[in-house]
Amino acid sequence: MRDEILSEAMKRKLFLSPEAVEILDSNGHSMEMVNTILNALAGSHMFVTEKDIREFLEGDKALFKSEKTIQPRTRRSSDIEVIKDSDISGNSTCTGTIDDFTRYFRSRYDQQKKILMDRVGVATPIDVAKTLQRECAIVGMVYDCKTTKNGHTILDVEDPHGMIKVLLHKDSPLIEELFVKDEVIGVRGKCTSKGDLFIPSEIYRPEIPEKNKWVPSDTDSSIAFLSDIHIGSKEFLVKNWEKMINWLKTDPAAQNIGYIVMPGDVVDGIGAYPDQEFDLNIIDIYDQYEALSEYVKDIPDDIRIVMHPGNHDACRLAEPQPALAQIYTKTFDSNVIMTGNPINLKVEGRTITSYHGKSIDDWISSVRGMSYEDPLAVMKEMCKRRHLGPMFGLRNALAPEKKDYLSMDVVPDIFVSGHVHGAGSMIYRGVRLINASTWQSQTDYQAKHNFNPDPGVMPIVNLGTGRVEMKSFMD
């Protein structure tokens with residue numbers, strides 16, 4: 001026990017006299033009691049003598065306060081799994097050929113059409129729709145969207161059988177609809193006599209079903225989210241992180257947290273933006289992940305952790321991203337599950353979609369009304385289209401896999417993203433939308449771009465009731 005006492009003293013930058021060590025080691029004190037003594041002395045001592053120890057034990061110094069009794073966390077069995085076929089890890093086959101891209105967009109079309117069919121009913125192939133002189137419905141991918149000088153909107157919509165122009169008249173109630181390239185939509189309407197224009201009466205999107213709702217269950221478990229940790233950055237909020245860890249360990253309100261999801265940018269990375277090296281206090285990528293593993297080890301062992309990459313991590317930038325390679329994760333404990341980005345999880349009967357959120361950049365740059373100040377509005381548009389990032393060829397790179405992993409095939413109970421360092425939640429058609437904050441304060445680079453983070457917030461969702469709490473650990 002003597003070595004353990006000396007180790008704990010060194011952590012607190014205390015130097016113990018041999019007599020002080022002897023009295024701590026020989027009187028049968030538990031390590032909890034020893035730590036209480038050392039914590040009290042650390043505030044006013046550097047060199048600790050036998051007299052200091054005896055005065056504390058006798059209660060002669062009023063400034064010494066007993067450490068709050070730590071209630072042991074309730075051990076609970078976990079119920080978590082990765083939903084089949086939602087993780088690209090180990091399944092990437094694309095090489096970037098034309099055939100890969102053809103197959104990728106056909107996969108997207110088929111996945112989205114399947115979701116749409118419940119709303120559209122029977123879909124007529126575009127080449128057939130051009131020949132009909134009656135109302136019908138088509139399902140196609142938006143190839144292009146333009147506004148004419150007269151204020152009309154023209155969509156180029158294509159399916160595997162052809163392409164047609166869909167005209168939304170400026171006086172149509174549909175003119176306010178927002179369209180993005182490469183999304184899949186359903187359109188009900190009728191072709192003009194020449195068959196060159198399709199005049200819509202209704203627009204359908206894959207959407208979250210209107211009747212979807214959160215059905216309460218009897219579990220008392222909660223799930224928490226820690227996004228954009230950015231270990232390695234000089235602006236990592238270590239004191240706030242430690243405050244959060246202490247809360248997890250000691251506060252009765254944290255006892256029911258059984259799961260934590262970390263949605264990407266777990267380290268700051270190398271070369272993620274110009275002159276990043278000046279913002280780093282850990283300049284080696286391997287050291288960043290090793291440091292992260294030590295911080296994560298402070299989380300109580302009974303909490304299951306899911307971690308996936310973001311655009312700052314040591315992983316390909318193109319989405320979907322596979323799980324972090326073992327060369328970076330070998331020092332992590334076994335309670336950490338490494339997955340790809342995005343990912344669908346099943347946790348105590350709830351479906352969670354976790355996505356880092358890099359495509360938010362494309363939504364904001366190409367869709368009117370979207371801004372970094374309101375990432376939840378972007379997430380709502382993703383839900384309407386049941387797709388995390390449909391726009392191809394913009395800032396967010398997409399890998400042409402056999403399957404489109406960014407299509408929201410299942411309706412989640414919780415949909416979480418990060419990336420923009422915002423913190424907020426809302427309910428959209430029964431789905432809890434969460435933007436999961438950051439553990440990095442504003443960097444010089446962010447300040448130059450007027451990027452204002454909302455750090456130090458842990459979103460927590462009760463898996464039984466669906467109640468969302470945004471727990472802040474900022475001073």
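Which residues of β14 are buried on one side, and which on the other? The close-ups below, taken from a predicted model, start with that strand.

**Close-up A. Strand β14, covered on both faces.** On one side sit Arg-350, Ile-352 and Ser-354, and on the other Thr-351, Thr-353 and Tyr-355, and all of them are buried. That makes six of the six residues in β14 (residues 350-355), so the strand is largely enclosed by the rest of the structure. Buried here means under 20% relative accessible area.

**Close-up B. The hairpin of β13 and β14.** Strand β13 (residues 343-347) runs antiparallel to β14, and five bridges join the pair. Look for Asn-344, which stands opposite Thr-353 in β14. Just two residues lie between the two strands, and Glu-348 in the turn has a positive phi of about 45 degrees.

**Close-up C. β14 alongside β15.** β14 also pairs with strand β15 (residues 414-417), this time in the parallel sense, over four bridges. Here Tyr-355 of β14 faces a partner too: Ser-417 in β15 stands opposite Tyr-355.

**Close-up D. An open sheet of six strands.** Now for another part of the model. Going across the sheet, the order is β12-β11-β10-β9-β18-β19, and the pairing is mixed. β12 (336-338) and β19 (468-472) are at the edges with a single partner strand each, so one side of each has no neighbour in the sheet. On average, neighbouring strands of this sheet are turned by 20 degrees against each other, ignoring direction.

**Close-up E. The β12 edge and its partner β11.** Strand β11 (residues 304-308) and β12 run parallel, joined by three bridges. Val-306 stands opposite Ile-337 in β12.

Key
Residues numbered from 1 in each chain as written. Predicted model: local features only at pLDDT ≥ 70, side-chain atom pairs only at ≥ 80, totals over all residues. Heavy atoms only, no water. Pairing = 2+ DSSP bridges. Axes fitted to C-alpha atoms, helices over the stretch in contact; angles between N-to-C directions. Buried < 20%, exposed > 50% of the residue type's maximum accessible area, 1.4 Å probe, protein only.
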